[in-house]
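Please look over the sequence and the model shown below. A short report on selected features follows.

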Amino acid sequence: MDFASTSELYPEDYWYRSDAYLNMDLELDLVQVIQQLHGSLDPRTVFACFGKILGQQLPVKGLQLTLEKQKFVWGRHYGIELQRTIADKQDQFNMTYQLAMPLSKTQTATLNRLEAILIQPLSNAIKYQNMSKQAMFDSLTGLGNRYYYTQVISTALARANRHQGKVSLVVIDLDKFKQLNDIYGHKAGDYVLVEFAELINEAIRNTDQAFRVGGDEFVIIAQGDTQAAEIVCQRIIDMMPKHAQLTEYDIQCSLGIAEAIPEQHADNLYDRADKAMYAAKAAGRNCYRISEG
């Protein structure tokens, strides 16, 4: 199973407050358990639900599940450690339990039943998450794609119209990218796009979001006014010479900035930033310009 994404390829630690172990003799309603586990398509929520059910049925204080590049954690990290593996035809789930006391034979049988029930809803949730990421993120660079951009910019503009903060758009175009593809081939072009995407991720703030919306065209939704966007743009320009992979092909970029005005449509904001980007190209490239209105 492929867990490549966005922004980010790091294991996720998900904490859920552990309920006290309630009753060793609490009757197990498997139908209710199945309904609860199938109640969400968020893998972390499914896993947290599983942990809560375990904490109610068994002396389980915490558990950790790892599946390739994903990790889920629930409860506490102390107690008697019990390691188990759950497997189906496609995946292998490595489980580590933290117990308040050793399990009896009856409790082990209960754990076996609960683990068997977990596989399908958790697998479904992970697959749904992966499909959602594929629909929203560019497969080459890991940045958000055009579809995801249209969703995020609409939300950002709606928030700005409610006077909940300013937002600016930065449009970026790699200079002479077509010539690079013609001379060195598309493989080198893809290599440059990936490297430049990594540079953007290094340059933007946690509150900003970056997208690849075309071949060599990127946009950044920057929280704040044009001055905030200028800082991001200058950071990108300053970082370009420090990336040997980009300087190898003499890659530069032109950037355009436009701050959203009240009730402005996303297309109009993009057009303003795009015109500012072309003004930067006309000014000699490797610089940014701000939309005048």
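Is His-163 buried or exposed? His-163 counts as exposed, because its relative accessibility is 74%. Here buried means under 20% relative accessible area, exposed over 50%, and partly exposed in between, with a 1.4 Å probe and protein chains only.

This is a predicted model, in which local features need pLDDT of at least 70, side-chain atom pairs count only at pLDDT 80 or more, and totals for chains, interfaces and linings use all residues. Residues are numbered from 1 along each chain as its sequence is written, and side-chain values use heavy atoms, with hydrogens and water left out.

**Positive phi in two loops**

His-163 sits in the loop between helix H4 (146-161) and strand S5 (167-174). Helices (H or I, at least four residues) and strands (E, at least two) are DSSP runs, numbered from the N terminus. The phi of His-163 is near 60°, a positive value in a residue other than glycine.

Arg-285 is not a glycine either, yet has a positive phi of about 70°. Its place is the loop between helix H9 (266-282) and strand S9 (288-290). Arg-285 is partly exposed, with a relative accessible area of 35%.

**Salt bridges**

Side chains of opposite charge can pair when their charged atoms come close. A salt bridge here is a side-chain nitrogen of Lys or Arg within 4 Å of a carboxyl oxygen of Asp or Glu. The structure holds nine of these salt bridges. The table gives some of them.

| Acidic partner | Basic partner | N to O distance |
|---|---|---|
| Glu-259 | Lys-166 | 3.9 Å |
| Asp-182 | Lys-178 | 3.0 Å |
| Asp-208 | Arg-205 | 2.7 Å |

Take the pair of Glu-259 and Lys-166, joined by a salt bridge. This pair links distant parts of the chain, 93 residues apart. Glu-259 belongs to strand S8 (residues 253-259), while Lys-166 lies in the loop between H4 and S5. Glu-259 is buried, at 19% relative accessible area.

Asp-182 and Lys-178 both belong to helix H5 (residues 177-184). They are four residues apart, so about one helical turn separates them. Asp-182 is exposed, and Lys-178 is exposed too.

Asp-208 pairs with Arg-205 in a salt bridge. Asp-208 counts as buried, at 5% relative accessibility. Arg-205 is partly exposed, with a relative accessible area of 28%. Elsewhere, salt bridges that share partners join Asp-173, Asp-175, Lys-281 and Arg-285 into one network.

**Helix packing**

How do the helices cross? Axes are lines fitted to C-alpha atoms, for helices over the stretch in contact, and angles run from 0 to 180 degrees between N-to-C directions. Angles under 35 degrees count as roughly parallel, over 145 as roughly antiparallel, 65 to 115 as roughly perpendicular and the rest as oblique.

Helix H1 (residues 30-37) packs on helix H3 (residues 105-136) at about 30°, with the axes 9 Å apart. H1 is therefore roughly parallel to H3. In H1, Leu-30, Val-33, Ile-34 and Leu-37 meet Arg-113, Leu-114, Ile-117, Leu-118 and Pro-121 of H3. Contact means heavy atoms within 4.5 Å.

The axes of helix H6 (residues 186-203) and helix H7 (residues 226-239) come within 9 Å and cross at roughly 135°. H6 and H7 are therefore oblique to each other. On the H6 side, the contact is made by Phe-196, Leu-199, Glu-202 and Ala-203. On the H7 side, Val-232, Arg-235, Ile-236 and Met-239 take part.
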